[in-house]
Every structure is written in structure tokens, then in C-alpha cells.
Amino acid sequence: MSVAIIGGTGLTSLEGLEITRREVVHTPYGEPSGPITHGILHGKEVMFLARHGYGHTIPPHRVNYRANLWALNHLGVERVIAVAAVGGITESMAPGTIAFPDQIIDYTWSRNHTFFEADLTHVTHIDFTYPYDQDLRDKLIQAARDAGLDFIDRGTYGATQGPRLETAAEIQRMRGDGCDMVGMTGMPEAALARELDLAYATCAVVVNWAPGLHGIVSMDDINAVLEEGMKKVRQVLAHTVPLL
Ligand code: HPA
């Protein structure tokens with residue numbers, strides 16, 4: 001089964017990926033974040049796409065999620081591993097933690113969030129009770145175990161609009177809602193993947209305490225944790241590939 005990795009902040013290229021070619025895909029929804037990179041990672045063919053563009057220039061609310069998912073589906077991808085940097089809300093989500101969310105609460109607005117809105121023969125409501133693919137989650141969790149990493153195998157991902165960070169009150173509301181982590185790109189990406197019947201799961205890396213929990217958040221704080229965190233993500237990916 002063909003697999004793609006969507007890299008987020010801190011993962012604009014995949015170390016160890018032997019690149020075979022880059023493919024430009026035009027979609028009915030516009031242009032993806034960049035060409036799709038084809039390559040071999042630990043002996044297996046994978047595709048890679050940098051969500052924010054290879055130069056990290058596309059902010060979360062401007063990512064063309066529909067074009068990205070459509071392009072991957074068009075190229076025969078069946079599984080998507082999404083990598084996401086997040087802020088930690090619950091106490092177990094300290095900076096540096098790797099987590100595999102199992103639920104989502106969507107706070108984003110006015111993003112193009114569905115493929116099912118025009119030229120319909122009937123109205124379509126996808127099932128999204130469990131937004132992540134359990135089999136792919138299990139593989140990521142097994143990979144993290146195989147890599148000998150500490151990790152958290154569940155959690156609710158709160159997706160915010162960005163690009164600004166949240167207020168302290170917004171984070172308190174999200175905590176009350178049951179969010180364990182906060183990020184800006186988890187939606188509509190997960191729902192669009194489900195609409196295309198792609199197995200989708202997220203490897204999240206906590207890069208800061210969410211705003212207001214331990215004071216303000218600076219990009220310097222985030223950048224200090226990001227590189228260490230992405231090293232762990234690379235280990236997870238390296239151990240996931242043989243399981244696929
Ligand atoms: N809030 C929203 N998105 C994020 C954060 C945060 O604190 N950290 C990384 N992505």
C-alpha cells in the first residue's frame with residue numbers, strides 16, 4: 001500500500017529519503033503546497049509533501065489542504081502519515097513529548113474543508129466518529145515502542161485557525177472541552193483524507209506549553225524544542241516504514 005508523509009513545521013524534508021523524482025500535480029482545487037517528492041525511505045517507496053511548502057512559506061490557514069490530499073490520492077496513495085508540531089495542554093503533554101492523537105475538535109473556520117460541495121448527485125455525510133485510522137495509529141505506536149521512545153498513545157487534538165497563537169482564555173476553554181493538544185493544521189486535513197477514503201493518522205510532537213499555561217509562548221522557545229522533537233519523529237518514521 002502506497003504511503004505518503006505530510007511534513008509540518010520542522011519537517012520540510014525527510015532525512016534519509018533517497019529522492020527518485022519530484023512530481024508537479026495540478027488539481028481541480030488548485031496547486032498543492034509543492035511538487036510531490038517520490039523516494040525510497042528505509043527500502044520502501046514513499047511520497048513526501050511539505051505542508052507549508054518546501055521553503056516553509058504557506059501559513060496554516062492558507063494551506064491548500066484539498067489540493068494536497070487530492071494530489072496524493074491521484075498518485076495512488078492509500079495511507080497518509082501527518083506530522084504536526086503542537087502545543088501541550090494537558091499536564092502529560094510537556095514539550096518534547098511525542099503523541100498519537102485519537103480525537104479531534106475543530107475550531108477552524110472558513111477553510112475549504114470538503115470535496116462534497118458541488119456537482120453532487122446526493123448529499124454526502126462521511127462518518128468521522130473516529131477521525132484517525134486505527135490500524136495506522138497502531139503501527140505508529142508500535143514504531144515508537146520499537147524506537148524505545150516515551151510517547152502518549154492517545155489525545156484530543158484541538159485545531160485552531162491561526163496563524164496567531166491562542167489567548168490564555170481560549171486555551172482554558174479548549175482544556176475544558178477536553179483538548180490535550182493544540183495545533184493549526186489538523187483540520188480540515190484529517191476530514192479531507194477521510195472523504196477520499198485515505199487511511200490517515202498523525203504523529204504529533206509537542207513543541208511548547210500552550211499559551212497561558214506557563215506564560216507566553218515565543219518562537220524561540222518553540223524552535224529550541226523543534227529540532228529535538230523532529231529527531232524523535234524521524235525515529236518513529238524509520239520504525240514505521242518496515243511495518244507498512
Ligand atoms: N498553538 C497552536 N498551534 C501550535 C502551537 C500552539 O501553542 N504550538 C505549535 N503549534
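**View 1. Polar contacts of the ligand with G87, E166 and N208**. In this predicted model, a polar backbone atom of G87 lies 3.3 Å from a nitrogen atom of the ligand. E166 contributes a polar side-chain atom, placed 2.7 Å from a nitrogen atom of the ligand. For N208, a polar side-chain atom is 2.6 Å from a nitrogen atom of the ligand. On its own the ligand has 260 Å² of accessible area, and the protein covers 92% of this.

**View 2. Residues around the ligand**. The surroundings of the ligand include A85, V86 and G87. L165 and E166 are also part of this set, as are V182, G183 and M184. V207, N208 and P211 are listed with them. Within this set, E166 and N208 each place a polar side-chain atom at the ligand, at 2.7 Å and 2.6 Å from a nitrogen atom, while G87 does so with a polar backbone atom at 3.3 Å.

**View 3. Crossing of helices α1 and α4**. Two packed helices are described by the angle between their axes and the distance between the axes. Helix α1 covers residues 65-74 and helix α4 covers residues 186-195. Their axes come within 9 Å and cross at roughly 35°. The crossing of α1 and α4 is right-handed. On the α1 side, the contact is made by Y65, R66 and L69. On the α4 side, M187, P188, E189, L192 and A193 take part. Sorted by class, the contact has 6 nonpolar residues, 2 charged residues and no polar ones.

**View 4. The cis peptide bond from M187 to P188**. Omega for the bond from M187 to P188 is near 10°. P188 belongs to helix α4. Both M187 and P188 are among the α4 residues in the contact with α1.

**View 5. The cis peptide bond from G162 to P163**. Omega for the bond from G162 to P163 is near 0°. P163 sits in the loop that runs between β9 (156-159) and α3 (168-177).

**View 6. Positive phi at H42 and D119**. H42 is not a glycine, yet its phi is positive, at about 50°. This residue, H42, is in the loop between β3 (36-41) and β4 (44-50). D119, also not a glycine, has a positive phi of about 55°. The loop that holds D119 lies between β7 (103-106) and α2 (134-146).

Key. Residues numbered from 1 in each chain as written. Predicted model: local features only at pLDDT ≥ 70, side-chain atom pairs only at ≥ 80, totals over all residues. Heavy atoms only, no water. Axes fitted to C-alpha atoms, helices over the stretch in contact; angles between N-to-C directions. Helix = DSSP H or I, 4+ residues; strand = E, 2+ residues; numbered from the N terminus. Left-handed = near helix turned anticlockwise from the far one by under 90°. Contact = heavy atoms within 4.5 Å. Nonpolar A, V, L, I, M, F, W, Y, C, P; charged D, E, K, R; others polar. Near = heavy atom within 4 Å. Polar contact = N/O pair within 3.5 Å; in protein donor to acceptor, adjacent residues only side chain to side chain. Areas by Shrake-Rupley, 256 points an atom, 1.4 Å probe, with all protein chains shown as cover.
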